[in-house]
Structures are given as C-alpha cells and as structure tokens.
Amino acid sequence: MKKRIVATFILVAFLVTGLFLGTNYKNATAASSKQVLTYINGAEPRYLDPALNTALDAANIIINVFEGLTRVDVKGRTVPGMAEKWTVSKDGLTYTFYIRKNAKWSDGKPVTAYDFEYAWKRALDPKTGSEYAYQLFYIKNGQKFYEGKAKASDVGVKALNATTLRVTLEAPTPYFIDLTNFPTYFPVRKDIVEKYGDKWQTDPKTYIGNGPFKMTKWVHNSYIELTKNTNYWDAKSITLQKMVLKLSSDNNANLMAFTAGQVDGAEGIPTEEIPRLKKEGKLKIAPLLGTYYYDVNCKKAPFNDKRVREALSLAIDRTRIVALLKGEQKPATGFVPYGVKGISKDFRSEAGNYLPVNADLAKAKKLLAEAGYPNGKNFPDIEIIYNTDEGHKKVAEAIQNMWKQLGINVKLSNMEWKVLLERRQKKDYIVARDGWVGDYNDPMTFLDLFTSYSGNNNTNWSNKQYDSLIDKAKKTIDAKQRMQYMIQAEKILMQDHAIIPIYFYTKVYLLRDYVKNYYISPLGFNYFMYLV
C-alpha cells in the first residue's frame, strides 16, 4: 500500500502533550484488567473509508476497525474472518463464501453478504473515485464496469442470500483469498454511506465497523481513540480494551516519550539516534516488502525525455543514502524489493538488477548532454516535494547535492502529508517522494501499480506493451509463464525509467518487552487485536 498506500509508515507510541489520554499498557496490566495502549499513527488521515484510502497510517486504523471475509492471524497466515468457510470451483474461477451467523457491526446489526456486494461494487464505481479500484479488477467484469463498458449487475459478485456470497473471477488468481483481507475488500454499510455521504468516515457516531475495535473519539489533528468492539464475533479473544492513536509525526518527540517511559513502543526513530539505540540493544528492525522511490512527471519537460530520467537516476548514490538512514535498508536496483516470491526463489534475484548501487556520473553527464543539457546548461530549476519528515528531508538533501554535480539546481519543498497526496494525484509536481509497500506477497502488487488504468499511477507514464504483459500475467494459469510476463514488464518499467527507485524499506521501531503478540506484517500493517 502506498501513499499507502504510500506513506513512510509511522506508528509510534506517544502521550499527548499536556493531556493524559490513557493508562500505560504496562501499568494497566499490573493494576487492572483494563489494558490501554497509546500509539502515534502518523499524520491526520486523509481518508478512513476502506474504498478511498491508500495510506498505510490510515490503513492501520481501518484494519483494526473493519474485517474482511478473511483476516490475518498473529503468524501472518490468512484465516477465516467474516466468512467462516468458503469453497472454490475446480477451474479456480468461482468462490462461494459463507458469512458467520454471529457476524455483527459495531452497532449490533448483522453483517451480511449484501454488505460485501455493495462495498465491492461501490469501490469499482468510477463515481466513488477509488484509486484502488483496480485491485478489484480480478472480479469478472470489474474493470469493464469501472470503464463504463458494463453494468453493476454484470460484476461477478453476488449475494445469494444474507449469508452466502458468490464471487466469479476473470481468471484463476492464486492470491485471491489473501486479497480478501485487504482494506479495499472490506464491507461498508450502505445505509450509513448513503445517509451521511463522505462525512460518514469522519465522525465516530457514523464510523460503523465490523472489526475488533470501534472508534469512540476523534479529535482532528490530535488523536483517535479506539475501544474494544463487544459486538465483534471473536470479542472474547480480544484482551486490549483501548487504544489512543496520536496523530503526529515528530520523531524526536516520539523518542523522548519512549525514553521517558511514557509509552509502549515507537517507530519513526530519528536516524542519528539509531546507532546508539542499536548498540544499547533497544532497537528492533523488521523486514518490510516495500520500495522508497521518486515519482517523476513523465509528461512535463524536461522529464518527458527518457535520457533525462535515466541521467538523474544514475547520478544517485544509493549506497550513500542507505548509509545515511542507518536502518539496514538496501539500495534499490529495481522496483520489486527483495523478499517477494519469484519462480523458485526471490523475484529480485531472478529478474536481475537494473540500477547501480553507486552513482555513475560519467554516464549520467553523457545522457544529459545528449538530451541537450551539457553540464546542466539550460536545464530548468526543478522542485522535489516531500511530506514533512526528517528522514525524507535527509534523502532529498542528499539527492539535491548529487544532482548538483550534474549542474542542476534543485529546490526542496516539504508539506503536509495530505497536501502531498493531493499534488501527486493531480500530477501537480515535477519530482515527488513516494513509496510502496506490497498488499500481498507477489510481484503483481508492485507492478500493476504502473498500468495505465491504475489509480495509484501518479507518473503520467503509460506503455501499451507493459499493460499487455500485466494483463497476461493476471490471466495465465502457468505459474512460470506468469512470472516471466512480470519480469518482462518490470524490465520495460526500469528501462524506460518511469520512476526513480532509491532504496528498499525496513521497519525500525522500539517496543517494550511486556507487549506480547504484537504482529507487524511485512506488508506494513500493525495488528493490535492480538496483544496480551
């Protein structure tokens, strides 16, 4: 997920300045059975609507307030959620899900198969404006409906009755069951959405979910409070009673709160403190399937010239940048990160490397000269935009200096997260920070991002051959051929330099030893429901 769907995912425990928002988790455990956790969840969410959100920090709230047909357990496995069981046809095209009879919304009303049918078709409806609509194109006629070439009734999702949902796919999809625990596949209430419109997601009274927690308070730009949902079908297994999610991204303040013993855990650690914390044995580093990269607007001069895009990418010393970050990140030599499954081993190893880990200034200068900008002469000043964060600033400053060696002047502009999202979506930029963490463990979750029909493709780049290869990969049954299509697609993406990959993510965080069963998914999600 990027913006989320792809934000730098910041989830840090914190106590609101000047206001005690909840009992510390440790003290609560010792003093009573009422356990309360305080966490910072990044900036103020742009969306908490499962159909509209693309950011990890907001998704972290959504996955704890809603639940799909399946859910993820504490070991990262896909297990039954709202659906107690399902069957799959022999040809792999038809799934029949059976909704639990005790599945309820947080207000006590039953969760039905109709809720899923409504939510999925709503996300596919172009009027909704879901950037993640393409994630539902696996469903028969899903893409055609989105493009206005089919009716909603033609889409292959149908509630046969209140507890039975039938789903028909365009082609066998080996990871479809895993997709059903992704937020875009979560149900939403038709009566609530239609009555309150866009405002339904901004008020705890109307933000009705079906997951282990429910929203009880939202002080905008300050904090969100979640409490245990007693109507959740598996409420008996939920030990945590309350969470206070602080809406802040001040890394220094986060570390101070953790050091002072006021909080239970922290992410978004100041990079200069990482060596010390590592030496003291306090730092934890988890693998993350994600890539930090720069979008370049491929339709705006001078980035409409592939040689310019390649020159600026080659001028970046990725080894120096990961050394600057100190979190055991790896230089990005392609777009799909290490750890993603390939044919028989890691996809990155099988696809090979497209970018050097060290800068190649000689080649970069040659390409720039060929494009008509010898030593940067007549090259226009450019702007890198990024959301306010010390880590993003350090990366941008380093790249600013690297591009200066080409004779290019770069202006740096930081802004609020929501503003960055809007500017990227509107293509109102020249160079913009971006990042992507996979939605499931398969190369497709990275590669279909840059299809011409992807709502998350902010680059203004499109390629018919690329689209064709991705479509073939989604429809072929042969596993090896499918991977070959994706290897070819990534090659086109990288050789066209539609983006500038910089490094592969890790997750750096602090956590108290008394917090047990804290599951951080390699996909970037934090599951609080298993804490004990």
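Here are some questions and answers about this predicted model.

Reader: Happy to start with confidence: what pLDDT does the protein chain average?
Author: Good place to begin, since the model is predicted. In the chain, 94% of the residues score at least 70. Two stretches stay under 50, namely residues 3-23 and residues 28-33. The average over the protein chain is a pLDDT of 90.

Reader: For residues 28-33, how many contacts beyond four places in sequence does the model have?
Author: Both of the stretches under 50 have such contacts in the model. Residues 3-23 have 107 contacts beyond four places in sequence. For residues 28-33 the number is 8.

Reader: Let's go inside. How many residues of helix H2 are buried?
Author: H2 covers residues 56-65, and its buried residues include Leu-56, Asp-57, Asn-60 and Val-65. Among the elements that cover them are strands S8 (213-219), S9 (223-228) and S10 (240-246), along with helix H14 (417-425). The helix is largely enclosed by the rest of the structure, because the buried count is 10 of the 10 residues.

Reader: What separation do the C-alpha atoms of Asn-229 and Val-65 have?
Author: Asn-229 is in the loop between S9 and S10, and both of those strands help cover the buried residues of H2. Asn-229 counts as buried, at 0% relative accessibility. Its contacts beyond four places in sequence include Ser-106, Asn-210 and Phe-213. Although Asn-229 and Val-65 are 164 residues apart along the chain, their C-alpha atoms are separated by 8.5 Å.

Reader: Now the strands: which residue in S15 is the bridge partner of Ile-385?
Author: Ile-385 belongs to S14 (382-387), a strand with 5 of its 6 residues buried. S14 runs parallel to S15 (residues 410-415), and 6 bridges join them. The chain crosses from S14 through H13 to S15 in a right-handed β-α-β crossover. Within S15, the partner of Ile-385 is Ser-413.

Reader: And which residue in S16 stands opposite Ile-385?
Author: S14 and S16 also run parallel, with 2 bridges joining them. Opposite Ile-385 in S16 stands Ala-432.

Reader: How far apart are the end C-alpha atoms of helix H13?
Author: H13 has 15 residues, 390-404, and at 1.5 Å a residue they should span 21 Å. At the start of this helix, a side-chain oxygen of Asp-389 comes to within 2.8 Å of the backbone nitrogen of Gly-391. The buried residues of H13 include Gly-391, Val-395, Ile-399 and Trp-403. The expected span agrees with the model, where the end C-alpha atoms are 21 Å apart.

Reader: On to backbone angles: what is omega for the bond between Ala-301 and Pro-302?
Author: Most peptide bonds are trans. Pro-302 lies in the loop between strand S12 (284-296) and helix H9 (306-314). The bond joining Ala-301 to Pro-302 is cis, and its omega is about 5 degrees.

Reader: Is Asn-375 buried or exposed?
Author: Most residues other than glycine have a negative phi. Asn-375 has a positive one, about 55 degrees, and sits in the loop between helix H12 (361-370) and strand S14. With a relative accessibility of 65%, over the 50% cut-off, Asn-375 counts as exposed.

Reader: Last one: what relative accessible area does Lys-326 have?
Author: Lys-326 also has a positive phi, near 65 degrees. It is found in the loop between helix H10 (318-325) and strand S13 (330-331). Lys-326 is partly exposed, and its relative accessible area is 31%.

Conventions: Residues are numbered from 1 along each chain as its sequence is written. This is a predicted model: local features need pLDDT of at least 70, side-chain atom pairs count only at pLDDT 80 or more; totals for chains, interfaces and linings use all residues. Side-chain values use heavy atoms; hydrogens and water are left out. Buried means under 20% relative accessible area, exposed over 50%, partly exposed in between (1.4 Å probe, protein chains only). Helices (H or I, at least four residues) and strands (E, at least two) are DSSP runs, numbered from the N terminus. Contact means heavy atoms within 4.5 Å. The expected span of a helix is 1.5 Å times one less than its number of residues. A polar contact is a pair of N or O atoms within 3.5 Å; within protein, one must be able to donate a hydrogen and the other to accept it, and residues adjacent in sequence count only if both atoms are side-chain atoms. pLDDT is the predictor's confidence in each residue, from 0 to 100. Two strands pair if DSSP finds at least two bridges between them. A crossover is right-handed if, with the strands pointing away from the viewer, the path from the first strand over the helix to the second runs clockwise.
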